[in-house]
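I opened this entry to record what I looked up, beginning with the sheet, then the ligand surroundings, and ending with the helix pairs.

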Amino acid sequence: MNILVTGAAGFIGSRLCLELLKNPKIFVYGIDNLNNYYSIKLKKKRILELKKFKNFKFIKLDLKDTKKLRKLHQIKKINSIFHFAAQAGVRFAILKPKKYFDDNIISFFNILNFAKENNIKKIFFASSSSVYGEQIRFPVKEKFKLNTKNFYGFSKKINEITAKTFSKLFKIQLIGLRFFTVFGEWGRPDMLIFKYIKANLNKEKFYLNENGNHFRDFTYIDDVIKILIKLRTVKFKKNFYIFNICSNKPKKIIDVINKINKFYSDFKYTSVYSKNLKKIEVNTTHGDNKEILKFLKKINYSSFDEGLKNTIDWYNKNKINKIT
Ligand SMILES: NC(=O)c1ccc[n+]([C@@H]2O[C@H](COP(=O)([O-])OP(=O)(O)OC[C@H]3O[C@@H](n4cnc5c(N)ncnc54)[C@H](O)[C@@H]3O)[C@@H](O)[C@H]2O)c1
C-alpha cells in the first residue's frame, strides 16, 4: 500500500505521516516545497523525524511545477493521496492573495490531474472551517450555505467545487476535510497558542485582538490524526464527501490565554482592536461533528486541557522559541 501525502513537512501532514509509518505495510511518499511562510527549520525537523522510518521517502517538490510532478510517474503505484499542501493562514491572505491562488487553487488542480493521469482513485484533501465565513446558527453543519469572508476561505471553497466536479467526471473519490483550528505538538508558529507562548518567551509584545472575545473550535492534533487514520479505511459508497473535522467544543480565546497563563505566571498581552481583522475574521467557529461520526461511529476525543498540557510540555522540552 503506497500513500502520497502532500504538505508532509507541514503540521498536520507530518503528524499523519508519522502515524501511517507505524504500519510497516504502508509506504509513504511525502511531498513539500518547504516554503518560508514560517520556520523552515521546524519543517526540516519534522521531516527528520519521518526519515527515521525506512518506509518513508521525502520528495522536495513544488506542486505548481507540473513538469516535475509529471516525473513522479517513476514512483510506485499510489493507492491514495492526502493533499494537505497549501498556503495556510487567514491574515497572510491580505498581504499575498496571489499565493493562495497559486498554492491552493492551481496546485490542487495539478494534484487532481496527477491522480487522473495515474489512475489514483482516492484523494482526501484539506479544506477549512474558513469556508463557512459569517454564520448565524451554530454548530455549523456541512450542508450550510457558505459565506466565505476571506481569500483563504475562498481558495478552499474553489477546491471543494473543483473536487466535486472532478469526482463526477473522472470517478475519483474525493473526501474534503474542513479542519477547525488544529493545535498541538509540532504545531504552527503562526497560530494563537504557539504565537502567544513564543512572543512571551522571547519577551516580545503579544497583541490580543478584541480582548480575546471570540470563539474558536480548537481541535487537538491527536484527535485529528485518529479521525484521519479511521477515515482512510472507510468504504465510501459515493464519490464526493465533505466533513467537518472539529471538536464541537469552542473555546473563548481569552479563556485559552488564561489557561496558558496558569503554566507561565509572567505572561502578558496587549489588547488591540483592528478594523481590518474584523473584515476578514469571524467571531465564532463551531463545527458540528455528527456527519463524520456516522462513518466513524466513535472517536474518543481528548479534553482541551489535556491537549494544551501536552502542547506546552512539548514547547518547553523543544525550546520552541529557539527552533523557530
Ligand atoms: N492547522 C489548522 O488549524 C488548519 C485549519 C484549517 C485548514 N487547514 C488546512 O490543512 C492543511 C494542512 O495545514 P497545516 O496546519 O499542516 O499547514 P502547514 O502550513 O503547516 O502545512 C502546509 C505545507 O504545505 C507546503 N506547501 C505549500 N504550498 C506548496 C506547494 N505549492 N507545493 C508543495 N508544498 C507546498 C508548505 O511548505 C507546508 O509545509 C492546509 O491545507 C491548511 O490550509 C489547517
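The notes below follow that order.

**Sheet.** I kept in mind throughout that this is a predicted model. I traced the strand order first and found seven strands in an open sheet, S3-S2-S1-S4-S5-S6-S11, with parallel pairing. At the edges I noted strand S3 (56-60) and strand S11 (240-245), each of which pairs on one side only. From one strand to the next I read an average twist of 20 degrees.

I then looked at the end of the sheet where S11 lies, and found that strand S6 (residues 173-179) and S11 are joined by six bridges in the parallel sense. In that pairing I saw Arg178 standing opposite Asn244 of S11.

For a helix packed on the sheet I checked H5 (residues 97-117), which lies across strand S1 (2-6), strand S4 (80-83) and strand S5 (122-128), and which runs at about 175 degrees to S4.

**Ligand shell.** I next asked which residues come nearest to the ligand. Of the 28 residues around it, these are Gly7, Gly10, Ala86, Ala126 and Phe179. When I sorted the shell by element, helix H1 (11-21), strand S2 (27-32), H5 and S5 each supplied at least two residues, and H1 gave the largest share, with three. By class I recorded 13 nonpolar, nine polar and six charged residues in the shell.

**Helix pairs.** How do I describe two packed helices? I use the angle between their axes and the distance between the axes.

For H1 and helix H2 (residues 40-50), I found axes that come within 10 Å and cross at roughly 5 degrees. Angles under 35 degrees count as roughly parallel, and H1 and H2 are therefore roughly parallel to each other. I listed Ser14, Cys17, Leu18 and Leu21 on the H1 side of the contact, with Arg46, Glu49 and Leu50 on the H2 side. This contact of H1 with H2 has four nonpolar, one polar and two charged residues.

For helix H7 (residues 192-201) and helix H9 (residues 253-263), I found axes that come within 11 Å and cross at roughly 45 degrees, so I entered H7 and H9 as oblique to each other. I also noted that the crossing of H7 and H9 is right-handed. In H7 I identified Leu192, Ile193, Tyr196 and Ile197, which meet Ile253, Val256, Ile257 and Ile260 of H9. Classed in the usual way, the contact of H7 with H9 holds eight nonpolar residues, no polar and no charged.

Notes
Residues numbered from 1 in each chain as written. Predicted model: local features only at pLDDT ≥ 70, side-chain atom pairs only at ≥ 80, totals over all residues. Pairing = 2+ DSSP bridges. Helix = DSSP H or I, 4+ residues; strand = E, 2+ residues; numbered from the N terminus. Axes fitted to C-alpha atoms, helices over the stretch in contact; angles between N-to-C directions. Contact = placed C-beta atoms within 7 Å. Near = placed C-beta within 6 Å. Nonpolar A, V, L, I, M, F, W, Y, C, P; charged D, E, K, R; others polar. Parallel < 35°, antiparallel > 145°, perpendicular 65-115°, else oblique. Left-handed = near helix turned anticlockwise from the far one by under 90°.
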